[in-house]
Amino acid sequence: MLAGQSIKIRVKSGEVSGRLARQQYNDTLFWGFKPKEYYDEETYVTGTFNGQKIHFKRVWGDHKFTDTEIQALLAGQIIKFSVKGGEVSGKLDQQQYKGKPFWGFKVEDKTYDEAIYATGMFDGEVVHFKRVWVVLLTTNEIQTLLAGGSVSFDMLKAM
């Protein structure tokens with residue numbers, strides 16, 4: 001490693017290779033082991049999207065993509081699946097996190113289960129929020145909140 005050669009190290013999900021390299025963490029420069037780009041198959045999907053080799057996470061939230069969904073995403077298609085409290089649809093897209101680009105599932109639309117979520121206009125935009133906060137909010141209480149008002153209830157009686 002000191003001669004600039006690459007070495008392999010066993011890790012929990014397989015092997016990773018890398019070499020000694022100058023690196024930076026925050027504003028501090030240091031020398032250390034720098035792995036080559038590494039994506040374990042349990043966590044990431046590797047595939048071709050629009051002629052480019054990419055990697056993206058197999059799981060979005062609590063949803064693990066099926067093989068069929070993965071193929072559809074790599075083909076540029078929109079997929080739809082159920083999530084807690086509703087349903088989402090979206091596609092594979094290049095995004096940014098803290099200034100770094102990554103490929104991942106990007107939501108295009110989400111529907112909300114009306115038994116769990118209230119939907120309405122607040123401050124000029126459509127908002128969704130849970131109907132239950134210790135008690136089930138009534139339609140009147142929801143309308144009051146959406147109008148910018150406040151509601152109150154006795155916590156002792158609610159429990």
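A residue counts as buried here when its relative accessible area is under 20%. Keep that cut-off handy for the tour, and remember that the model you have open is predicted.

**The whole chain**

Start with everything shown as a cartoon. You should find three helices and 14 strands. Color by burial next: of the 159 residues, 25% are buried. Switch on the surface and you are looking at about 12,000 Å² of exposed area, with carbon and sulfur atoms supplying 50% of it. As for contacts, take those between residues at least 6 apart in sequence; 21% of them join residues at least 24 apart.

**Stop one: helix H1**

Select residues 67–74, which make up helix H1. Which of its residues are buried? Show side chains for Glu69, Ile70, Ala72, Leu73 and Leu74, and you have them. Now bring up what packs over those buried residues: the cover includes strand E4 (44–49), E5, strand E7 (63–64), strand E8 (79–83), strand E9 (86–97) and E10. Before leaving, step just past the end of H1 to Gly76, where phi is positive, at about 85°.

**Stop two: the second largest pocket**

Two of those covering strands, E5 and E10, turn up again here. Select Phe56, Lys57, Val59, Trp60, Phe65, Gln95, Phe102, Trp103, Gly104 and Phe105, the residues that line the second largest pocket. Its volume is about 160 Å³.

Which strand gives the largest share of this lining? Color by strand and check E10, which contributes four residues. At least two lining residues come from each of strand E5 (52–57), strand E6 (59–60) and strand E10 (100–112). Recolor by residue class and the lining splits into seven nonpolar, two polar and one charged.

**Stop three: Lys34 and its neighbors**

Finish in strand E3, residues 28–35, and pick Lys34. Is Lys34 buried or partly exposed? Lys34 counts as partly exposed because its relative accessibility is 43%, and that class lies between the under 20% of buried and the over 50% of exposed.

Now add its partners. Leaving out residues up to four places away in sequence, Lys34 touches Gly18, Arg19, Ala21 and Gln23. For a distance to check in the viewer, draw a line from the C-alpha of Lys34 to the C-alpha of Leu20: the two sit 6.0 Å apart in space, though 14 residues separate them in sequence.

Technical notes. Residues numbered from 1 in each chain as written. Predicted model: local features only at pLDDT ≥ 70, side-chain atom pairs only at ≥ 80, totals over all residues. Heavy atoms only, no water. Buried < 20%, exposed > 50% of the residue type's maximum accessible area, 1.4 Å probe, protein only. Contact = heavy atoms within 4.5 Å. Areas by Shrake-Rupley, 256 points an atom, 1.4 Å probe, with all protein chains shown as cover. 1 Å grid on protein atoms, 1.4 Å probe; cavity = no way out; pocket = protein on both sides within 12 Å on 5 of 7 lines; lining within 4 Å. Points joined across faces, edges and corners; volume = space filled by probe spheres on them. Nonpolar A, V, L, I, M, F, W, Y, C, P; charged D, E, K, R; others polar.
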